[in-house]
Amino acid sequence: MTTELVLLLGIYAYIILGVFLGDLGPLATFKKSGPRLAARIERNISIGNKFITSDGKTTRWQAPGGP
(Lines give C-alpha, C1' and ligand atoms only; values in the text may rest on other atoms or scores of the structure.)
Protein backbone atom coordinates (compact mmCIF):
# COMPACT_ATOMS: atom_id res chain seq x y z
CA MET A 1 0.00 0.00 0.00
CA THR A 2 2.83 2.39 0.82
CA THR A 3 4.51 1.73 -2.53
CA GLU A 4 1.36 2.60 -4.43
CA LEU A 5 0.92 5.79 -2.43
CA VAL A 6 4.51 6.88 -3.09
CA LEU A 7 4.13 6.17 -6.82
CA LEU A 8 0.83 8.04 -7.05
CA LEU A 9 2.23 11.04 -5.18
CA GLY A 10 5.29 11.04 -7.45
CA ILE A 11 3.16 11.01 -10.60
CA TYR A 12 0.89 13.70 -9.16
CA ALA A 13 3.87 15.93 -8.30
CA TYR A 14 5.37 15.39 -11.78
CA ILE A 15 2.12 16.43 -13.47
CA ILE A 16 1.59 19.44 -11.19
CA LEU A 17 5.18 20.62 -11.76
CA GLY A 18 4.63 20.34 -15.50
CA VAL A 19 1.48 22.42 -15.32
CA PHE A 20 2.90 25.18 -13.14
CA LEU A 21 6.37 25.41 -14.64
CA GLY A 22 5.38 25.00 -18.31
CA ASP A 23 8.50 25.32 -20.47
CA LEU A 24 10.73 25.02 -17.42
CA GLY A 25 9.10 21.80 -16.27
CA PRO A 26 10.68 18.35 -16.19
CA LEU A 27 9.20 17.17 -19.49
CA ALA A 28 10.38 20.23 -21.43
CA THR A 29 13.83 19.96 -19.90
CA PHE A 30 14.12 16.34 -20.97
CA LYS A 31 12.98 17.16 -24.51
CA LYS A 32 15.78 19.74 -24.79
CA SER A 33 18.57 17.79 -23.14
CA GLY A 34 17.61 14.20 -24.01
CA PRO A 35 19.11 14.16 -27.54
CA ARG A 36 22.33 15.78 -26.29
CA LEU A 37 22.65 13.21 -23.51
CA ALA A 38 21.99 10.35 -25.93
CA ALA A 39 24.67 11.65 -28.31
CA ARG A 40 27.22 11.87 -25.50
CA ILE A 41 26.43 8.34 -24.32
CA GLU A 42 26.65 6.97 -27.86
CA ARG A 43 29.99 8.73 -28.43
CA ASN A 44 31.41 7.41 -25.15
CA ILE A 45 30.30 3.87 -25.94
CA SER A 46 31.63 3.96 -29.50
CA ILE A 47 35.10 5.17 -28.48
CA GLY A 48 35.27 3.24 -25.22
CA ASN A 49 35.57 6.24 -22.93
CA LYS A 50 36.62 5.25 -19.39
CA PHE A 51 36.01 1.52 -19.69
CA ILE A 52 38.08 -0.06 -16.91
CA THR A 53 39.02 -3.73 -16.62
CA SER A 54 38.75 -5.68 -13.37
CA ASP A 55 42.42 -5.01 -12.53
CA GLY A 56 42.01 -1.22 -12.86
CA LYS A 57 43.53 -0.70 -16.32
CA THR A 58 41.73 1.07 -19.12
CA THR A 59 40.76 -0.88 -22.20
CA ARG A 60 42.50 -0.35 -25.53
CA TRP A 61 41.15 -0.65 -29.04
CA GLN A 62 42.31 -3.67 -31.05
CA ALA A 63 41.82 -4.29 -34.73
CA PRO A 64 39.31 -7.07 -35.36
CA GLY A 65 40.76 -10.32 -36.61
CA GLY A 66 39.61 -12.04 -39.73
CA PRO A 67 40.48 -12.72 -43.34
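In which helix does V19 lie? In this predicted model, V19 falls within helix 1, which covers residues 2-21. The chain as a whole contains two helices and zero strands.

The geometry of helix 1 was examined from its ends. For its 20 residues, a rise of 1.5 Å a residue gives an expected span of 28 Å, and the end C-alpha atoms are 28 Å apart, so the two values agree. Of these 20 residues, the number buried is zero, and helix 1 therefore lies largely in the open. V19 itself is exposed, because its relative accessible area of 61% is over the 50% cut-off.

V19 also contributes to a nonpolar surface patch of about 740 Å², together with I11, Y14, I15, L17, F20 and L21.

Over the entire chain, buried residues account for 4% of the 67 residues. The accessible surface of the chain amounts to about 6,500 Å², and carbon and sulfur atoms supply 67% of this area.

Definitions and conventions. Residues are numbered from 1 along each chain as its sequence is written. This is a predicted model: local features need pLDDT of at least 70, side-chain atom pairs count only at pLDDT 80 or more; totals for chains, interfaces and linings use all residues. Side-chain values use heavy atoms; hydrogens and water are left out. Patches are made of residues with over 30% relative accessible area and no salt bridge: like charges are joined within 9 Å, nonpolar side chains (Val, Leu, Ile, Met, Phe, Trp, Tyr) within 5 Å. Accessible areas come from the Shrake-Rupley method with a 1.4 Å probe; for residues, only the protein chains shown count as cover. A salt bridge is a side-chain nitrogen of Lys or Arg within 4 Å of a carboxyl oxygen of Asp or Glu. Helices (H or I, at least four residues) and strands (E, at least two) are DSSP runs, numbered from the N terminus. Buried means under 20% relative accessible area, exposed over 50%, partly exposed in between (1.4 Å probe, protein chains only). The expected span of a helix is 1.5 Å times one less than its number of residues.
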